[in-house]
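Good morning, and thank you for coming. I should like to take you through one structure today, and I ask that you keep it in view while I speak.

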Amino acid sequence: MLSVKDAETIIFNHVRPLNQEHDLEVVDLLTAFHRILATPVISSLDFPHWDNSAMDGFAVRYEDVQNSNSENPTILEVVEEIPAGYEPKITIKKGQAARIFTGAIIPKGADTIVIQEKTKFQKNQVFILATPQPQEFIRKQGDFYQAGTELLPAGISLNPAEIAILAAAQLPKISVFRRPRVAIFSSGDELVTPEQTLKPGQIVDSNQYALASLVRDLGAEVLTLGIVKDNPSSLTETINYAINNSDIVISSGGVSVGDYDYIDNILASLGAEIHFRAVQMRPGKPLTFATFPNSLYFGLPGNPVSALVTFWRFVEPTIKKLSGINQGWESKFIKVKSHSELKSNGKMETYIWGNLNLNDGIYEFQQTSGNLNSGNLINLAQTNALAILPVGKTLISPGEETLVLQIG
Ligand SMILES: Nc1nc2c(c(=O)[nH]1)N[C@H]1C(S)=C(S)[C@@H](COP(=O)(O)OP(=O)(O)OC[C@H]3O[C@@H](n4cnc5c(N)ncnc54)[C@H](O)[C@@H]3O)O[C@H]1N2
Ligand code: MOO
Ligand SMILES: [Mg+2]
């Protein structure tokens, strides 16, 4: 059976990230949080824009004050006051200083700031009570960024720091990648919506709710196509619509070996290239991955935990990669101590849901309580991690390390 690693490689090799020419959208900076920058940004402004003061104090010529101390203060004439936002008019000459405030432009002639705590100020005279370092507290024009060079690269997620940088660079409208479009549907004659009264044998389509929330949280646009009966013509119609209206299609249910598990046959009849139908993992073994010319298809298993585990393990990084992020779209596994005894049959890569708890600043994994059954959605509540036992590993004892994938 195909290993999880090989399945992942196959999937990621088929992801074509959104394109800088065709998949752009211009958005207001205030709505750009977590969007992906589509083109590199170059600013014509230096940062800082001008030599400016990092402190409230006095702008002086270093050579005038280099031998100052409290017994022998240097006395300078204060010729101008320079608040932030004001353009200085006077060049500082020998024996002169300017009163200056944080962020204000350094006047011509001055090269050093003396903070006001090291001075005594009287009328238009300042007494310099200590010798500063040469050029102390001056933020030089272009020290942080030089105009014309790359300010931000394409393919990064816009977090608060980047949003602030774009605002500072006077770019209130920016090019980002459009949101990936993801179609979701559930298949099964037994499925009903949460509003419907349950008849014997029926179950609520909970997968669609969970999957839509996860997809939206990843910044994608969700197209929910509802519940589709285990009926080849309805499934054909829905899948055909989905592959023509989205970048990624996610279905749940109908991918195992039962008589009513039609998804794979219909994918084949619609001309999909089916890359695999099962992966050596538990939960999540019956997982179908197929491609059409313009979309990727994930046939997730119907069991609620299996659908979510396969989403977290394979679909989440796929959506991230497709969205145009150039780094860090891959799943991140972390090594932590297990507080619980973790068991597997050793035949499948096994995913155990539970919690990363902080214990004296160190994360420890604790298996969820109750039955680890892929049909048991209830004890998935409030978990935040999956511990992973590789094939061949049957036991992780308390205190031993395990790899975990954070979920949520
Ligand atoms: N003979 C075998 N039977 C099964 C195998 C196998 O290898 N041989 N694999 C089992 C495993 S593992 C899983 S996982 C499931 C996957 O089944 P399907 O993907 O075909 O899904 P269904 O048969 O449609 O449903 C399975 C289960 O999940 C419930 N379900 C389905 N959709 C939803 C939904 N949208 N929301 C909530 N719950 C849903 C459904 O009622 C079933 O209980 O196959 C095993 N069988
Ligand atoms: O993949 Mo199934 O998930 O083990 O119930
Ligand atoms: Mg089935």
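In which loop is the place of Gln 135? Gln 135 belongs to the loop between β9 (125-128) and β10 (138-139). Please bear in mind throughout that this is a predicted model. The backbone of Gln 135 deserves a remark, since phi there is near 65°, a positive value in a residue other than glycine.

Let me stay with the backbone for a moment and turn to two proline residues. The peptide bond that runs from Phe 47 to Pro 48 is cis, and its omega is near -15°. Pro 48 itself is found in the loop between β2 (41-42) and β3 (52-53). A cis peptide bond also joins Arg 282 and Pro 283, with omega about -5°. For Pro 283, the location is the loop between β19 (281-282) and β20 (288-292). I ask you to remember Pro 283, as I shall return to this residue with the second ligand.

I come now to ligand 1. The space that ligand 1 takes is the largest pocket. As for the elements, β15 (203-204), α4 (206-217) and α7 (304-322) are those that give two or more residues to the shell around ligand 1. In total, 22 residues surround ligand 1, and the closest are Glu 190, Asp 205, Ser 256, Lys 285 and Gly 302. By character, the shell of ligand 1 divides into eight nonpolar, 10 polar and four charged residues.

Which atoms of the protein approach ligand 1? On the side-chain part, a polar atom of Asp 205 lies 2.8 Å from a nitrogen atom of ligand 1. From the backbone, a polar atom of Ser 206 is 3.2 Å from a nitrogen atom of ligand 1. Val 255 also takes part through its backbone, where an N or O atom lies 3.1 Å from an oxygen atom of ligand 1. Taken alone, ligand 1 exposes 870 Å², and the protein buries 69% of that.

Let us proceed to ligand 2. Which residues surround ligand 2? They are Arg 282, Pro 283, Gly 284, Lys 285, Pro 286, Asn 303, Ser 306 and Ser 374. Both partners of the second cis bond I described, Arg 282 and Pro 283, thus appear in the surroundings of ligand 2. Lys 285 likewise belongs to the surroundings of ligand 2, and Lys 285 is also among the closest residues to ligand 1. The shell of ligand 2 divides into two nonpolar, four polar and two charged residues. The space taken by ligand 2 is, again, the largest pocket.

Three approaches to oxygen atoms of ligand 2 may be described. A polar side-chain atom of Ser 306 lies 2.3 Å from an oxygen atom of ligand 2. For Lys 285, a backbone N or O atom lies 3.0 Å from an oxygen atom of that ligand. In the case of Asn 303, a side-chain N or O atom is 3.1 Å from an oxygen atom of ligand 2.

I shall finish with Ser 374, whose place is in the loop between β25 (362-367) and β26 (385-389). Its side chain is joined to that of Ser 306 by a polar contact of 3.5 Å. Leaving aside neighbours within four places in sequence, Ser 374 is in contact with Pro 283, Asn 303, Pro 304, Val 305, Ser 306 and Trp 353. Thank you for your attention.

Definitions and conventions
Residues numbered from 1 in each chain as written. Chains lettered and ligands numbered in written order. Predicted model: local features only at pLDDT ≥ 70, side-chain atom pairs only at ≥ 80, totals over all residues. Heavy atoms only, no water. Near = heavy atom within 4 Å. Polar contact = N/O pair within 3.5 Å; in protein donor to acceptor, adjacent residues only side chain to side chain. Areas by Shrake-Rupley, 256 points an atom, 1.4 Å probe, with all protein chains shown as cover. 1 Å grid on protein atoms, 1.4 Å probe; cavity = no way out; pocket = protein on both sides within 12 Å on 5 of 7 lines; lining within 4 Å. Sits in = over half its atoms within 2 Å of the grid points. Helix = DSSP H or I, 4+ residues; strand = E, 2+ residues; numbered from the N terminus. Nonpolar A, V, L, I, M, F, W, Y, C, P; charged D, E, K, R; others polar. Contact = heavy atoms within 4.5 Å.
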